[in-house]
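The following questions and answers show how a label is justified by setting a value against a definition. Please examine the sequence and the structure before reading on.

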Amino acid sequence: MAAAAAPGALGTLQASRARLVAACCAPLGPGWRLHRSLTVPRVSPVMWARTPAAEGAALRRGYSSEVKTEDELRVRYLEEENRGIVVLGINRAYAKNSFSKNLVKMLSKAVDALKSDKKVRTVIVRSEVPGIFCAGADLKERVKMHSSEVGPFVSKIRAVINEIANLPVPTIAALDGLALGGGLELALACDIRVAAASAKMGLVETKLAIIPGGGGTQRLPRAIGMSLAKELIFSARVLDGQEAKAVGLVSHVLEQNQEGDAAYRKALDLAREFLPQVDLVTGLAIEEACYAQTIPTKDRLEGLLAFKEKRSPRFKGE
């Protein structure tokens, strides 16, 4: 009897899961921004070691199968011609860069420090591990959690991803390898995504009878459109770099190089292009100062009067 009921129960679960995903994919509107209450509380700024390096040194990576917890996230402030670029390098090789409690805590502290650092101009999120960007949640750690711990922990992952999305500088995700589940959600929080052709990415949570919980149901539709986002989430389909470029999920795709960091190198090139541009805070200050100069002019008053009288304005440059 139980065996006979199983298919029906599975069908009910699948239907409920599909409805839940569809509901979560509902748009928030064109000017969407996730509420600040979803972000982590501010903590005391952390002082990170600044690694002076020329470009060659900046590109070098160290790999280890046994990484100390304090090395799971490497924060590098690049120097010389790359000054202003900060690289967040995930380094949990033994766990495929999956989100652990410690990694989430380190990301939160790092991002909190970046928010208040006015010298930071661009942030690159990358992996220090060959072939992996981020495999999502650390399921080995998750299985040991009590059910009451799971919800709060997922909220912390969502919060740190939102903090990255809300950084006041351009952010670039360099996908040189696997980006699944929360890993792709982390990349979706960045302004720009660059991928190697060999990279694999997808929101695969429905294979585990859950749904994306780190903002994927909201950011993927905004990146590639509602219908296609639903298709990818419902099917848990995994795309390679070329496929991701074709649907607009990434901006650039490159053939992987021998070092395994083609996407990072492209991200670094883009970040260098951004450096000479005026940062948002300075730009807004300049705009405010320039606008203030128009307030006392006769031309401004003439423009308002012409609008009221429904006629063409007669400006005199005064």
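**Salt bridges and surface exposure**

In this predicted model, the side chains of Arg-74 and Glu-128 meet in a salt bridge, at 3.9 Å from N to O. The two residues are 54 apart and link distant parts of the chain: Arg-74 belongs to strand β1 (residues 73-77), while Glu-128 is in the loop between β3 (122-127) and β4 (132-134).

Q: Why is the contact between Arg-74 and Glu-128 called a salt bridge?

A: A salt bridge requires a side-chain nitrogen of Lys or Arg within 4 Å of a carboxyl oxygen of Asp or Glu. The N to O distance for Arg-74 and Glu-128 is 3.9 Å, and therefore the pair qualifies.

Q: Why is Glu-128 called buried?

A: Its relative accessible area is 2%. Buried means under 20%, so Glu-128 receives that label.

Q: What makes Arg-74 partly exposed?

A: Arg-74 has a relative accessibility of 26%. This value lies between the limits of 20% and 50%, and therefore Arg-74 counts as partly exposed.

Q: Which salt bridge do the side chains of Arg-76 and Glu-128 form, and what is its N to O distance?

A: The side chains of Arg-76 and Glu-128 meet at 4.0 Å, N to O. This pair also links distant parts of the chain, with Arg-76 in strand β1 and Glu-128 in the loop between β3 and β4, 52 residues apart.

Q: How do you know whether Arg-76 is buried or exposed?

A: The relative accessibility of Arg-76 is 12%. Because buried means under 20%, Arg-76 counts as buried.

Q: What makes Glu-318 and Lys-298 a salt bridge?

A: Their closest N and O atoms are 3.9 Å apart. The cut-off is 4 Å, so the pair meets the definition.

Q: Why can the pair of Glu-318 and Lys-298 be said to tie parts together?

A: Glu-318 lies in the segment after α12 (298-309) and Lys-298 in helix α12, so the salt bridge joins parts that are 20 residues apart in sequence.

Q: Why do Glu-318 and Lys-298 carry the labels they do?

A: Lys-298 has 57% relative accessibility, and exposed means over 50%, so Lys-298 counts as exposed. Glu-318 has 45%, between the two limits, and is therefore partly exposed.

Q: How many salt bridges does the structure hold?

A: The structure holds 14 salt bridges.

Key
Residues are numbered from 1 along each chain as its sequence is written. This is a predicted model: local features need pLDDT of at least 70, side-chain atom pairs count only at pLDDT 80 or more; totals for chains, interfaces and linings use all residues. Side-chain values use heavy atoms; hydrogens and water are left out. Helices (H or I, at least four residues) and strands (E, at least two) are DSSP runs, numbered from the N terminus. Buried means under 20% relative accessible area, exposed over 50%, partly exposed in between (1.4 Å probe, protein chains only).
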